[in-house]
Amino acid sequence: MPEFSTAQVHAGEVGDAAHGARVTPIYLTAGFEFDSFAHAEQRFGGDDPGYTYSRSGNPTTASLERRVAALEGGREAIAVGSGQAALTVAVLGLVKAGDHVLSAQSVYSGTRGLFETGLKRLGVEIEFIDRPDDPEEWRRRIRGNTRVLFGESIGNPGNDVLDIAAVAAVAHEHGLPLVVDNTLATPYLLRPGEHGADIVVHSASKYLGGHGSALGGVVVDRGSYDWAASPFEHLTAPDDWLHGDSYVGAYGAGAYTAFARSVVSSLFGPVLSPVNAFLIQQGIETLSLRLRQQSDTALTVARWLERQPEVAGVDYAGLESHPSHALAQRYLPRGAGAILGFTLAGGAAAAERFYDAVTVFSRMTHIGDVRSLILHPATTTHAHLHDEVREATGIGDGLLRLSIGLEDPTDLIADLERGIAAVATAARARATTTPIADTRLVAAAGN
Ligand SMILES: Cc1ncc(COP(=O)(O)O)c(C=O)c1O
């Protein structure tokens, strides 16, 4: 493969034979015309692999799929309407009712919701690993019906780095695939497949698109897992739709992608608009430049935050103080990404003052944007979780999550200084209040 920065602007592009357009065009069409009765029949089951209907495939979307597959070093990819859709397609391409999924504890709250609420209702059992950095725990909790091991390369928002090679080794000992959500790292910082992951998932709404304008998701099959020798009977057993052939028989190493595309994605229908495929493709062309700068700025910001007396702790794997720092040095030599959390010693009240004081950071539930963003997870994305789950996933009342964008680090730190000043001013005011007022504040805090 060419170097990353070359691949990000060239891999998978489609030439425009009609007009010579240099940029892959947006093929905004519901379907594709057939020349004749025989041509239609060929497209639907014969030897002509051309397009039929945009829910099953579209040239703009296919160009994006080839590009992400190339950047991840994968065999092939499926692009869908959001990161959640990608997670759904990836997992439903593997499991059925009665199967068991083992997931790292500190995954994105939407993923936890999908597993706990969505998949559990379909009869899929889900268990969360308390110590994802301990391969023994993964090994111990594998059961006869376990079909998938799942984790995030960099956890959102705790920043714990998955020891992909160690977890992949456990998965492969049991003949199971490891699925890794690589949204926070992107293939520029880390390619999970090079360390043993078999399927890689992205929310393309984040860094791949980068501009916060379009939702999308991608599932990449690395091509490393032997579907023919797998416990996945829906891929190895004869199938009516294939006139008695199996997906492995009909598609060989492409069996999983063929099933996930034609049954899960195409029939459940979480299709990606070709316009969004185009926007995400445009974003990918500057991925390495953005991630390099955003990671550098995130480290500068994390170091600055760590020095503030009002800050009790900073969750950023690029910091020596983070429990995942050694793993970050091993897996993320180009930078530890641009999402970080920090906890204000003053708890929820301090977080509220800080949050309302910033003017450059946008108050939003989103990450991976060129703009810097701030969120209070405990009262927003994680508000629905039970206290013990929030505690286990490190979501305290004083925690704020930052997604570092492309603004100048000086302006970002000046903005964070505004937040710190708001917290410090309130603390000073509290220290000089009369004992009667103090009693009132303590009572309010206890409610
Ligand atoms: C790690 C991770 N995976 C998946 C998703 C879901 O992506 P989307 O919002 O595109 O559905 C998110 C969203 O924040 C995320 O952070």
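The following paragraphs describe the domains, sheets and pockets of a predicted model.

Residues are numbered from 1 along each chain as its sequence is written, and side-chain values use heavy atoms, with hydrogens and water left out. Local features need pLDDT of at least 70 and side-chain atom pairs count only at pLDDT 80 or more, while totals for chains, interfaces and linings use all residues.

The protein is assigned domain 1 (4-284) and domain 2 (288-446), with bounds taken from an automatic or database domain assignment. Their C-alpha centres lie 32 Å apart. Across the boundary, 36 residues of domain 1 are in contact with 41 residues of domain 2, contact meaning heavy atoms within 4.5 Å.

Helices (H or I, at least four residues) and strands (E, at least two) are DSSP runs numbered from the N terminus, and two strands pair if DSSP finds at least two bridges between them. One open sheet holds seven strands in the order 1-7-6-5-4-2-3, with mixed pairing. Strand 1 and strand 3 (125-129) each have a single partner strand at the edges of this sheet, so one side of each is left without a neighbour. From one strand to the next, the twist averages 20°. Further in, strand 4 and strand 5 (residues 178-181) are paired in the parallel sense over four bridges, and Leu149 has Leu178 in strand 5 as its bridge partner. Two helices can be placed against these strands. Helix 3 lies across strand 1, strand 6 (199-203) and strand 7 (217-221), at about 130° to strand 1. Helix 5 (residues 109-121) packs on the sheet and touches strand 2 (100-104), strand 3 and strand 4, its direction making about 155° with that of strand 3. Axes here are lines fitted to C-alpha atoms, for helices over the stretch in contact, and angles run from 0 to 180 degrees between N-to-C directions.

A second open sheet has five strands in the order 8-9-12-11-10, again with mixed pairing. Its edges are strand 8 (311-315) and strand 10 (362-363), each with a single partner strand, so one side of each lacks a neighbour in the sheet. Strand 9 (residues 339-344) pairs with strand 12 (residues 399-403) in the antiparallel sense over five bridges, and Phe342 stands opposite Leu400 in strand 12. Helix 15 (residues 347-357) lies across strand 9, strand 10, strand 11 (373-375) and strand 12, running at about 125° to strand 9.

Pockets were sought on a 1 Å grid over the protein atoms alone: a pocket is an open set of points with protein on both sides within 12 Å along at least five of seven lines, and lining residues have an atom within 4 Å of a point. The largest pocket has a volume of about 1300 Å³, volume being the space filled by probe spheres set on the points. Of its 44 lining residues, Arg43, Ser56, Tyr251, Arg261 and Ser262 lie nearest the centre. Helix 11 provides the largest share of this lining, six residues.

The second largest pocket holds about 590 Å³ of space. It is lined by 30 residues, with Ser106, Gly158, Asp160, His322 and Pro323 nearest its centre. Strand 8, an edge strand of the five-stranded sheet, gives the largest share of this lining, three residues. At least three lining residues of this second pocket come from each of domain 1 and domain 2.

Methods:
1 Å grid on protein atoms, 1.4 Å probe; cavity = no way out; pocket = protein on both sides within 12 Å on 5 of 7 lines; lining within 4 Å.
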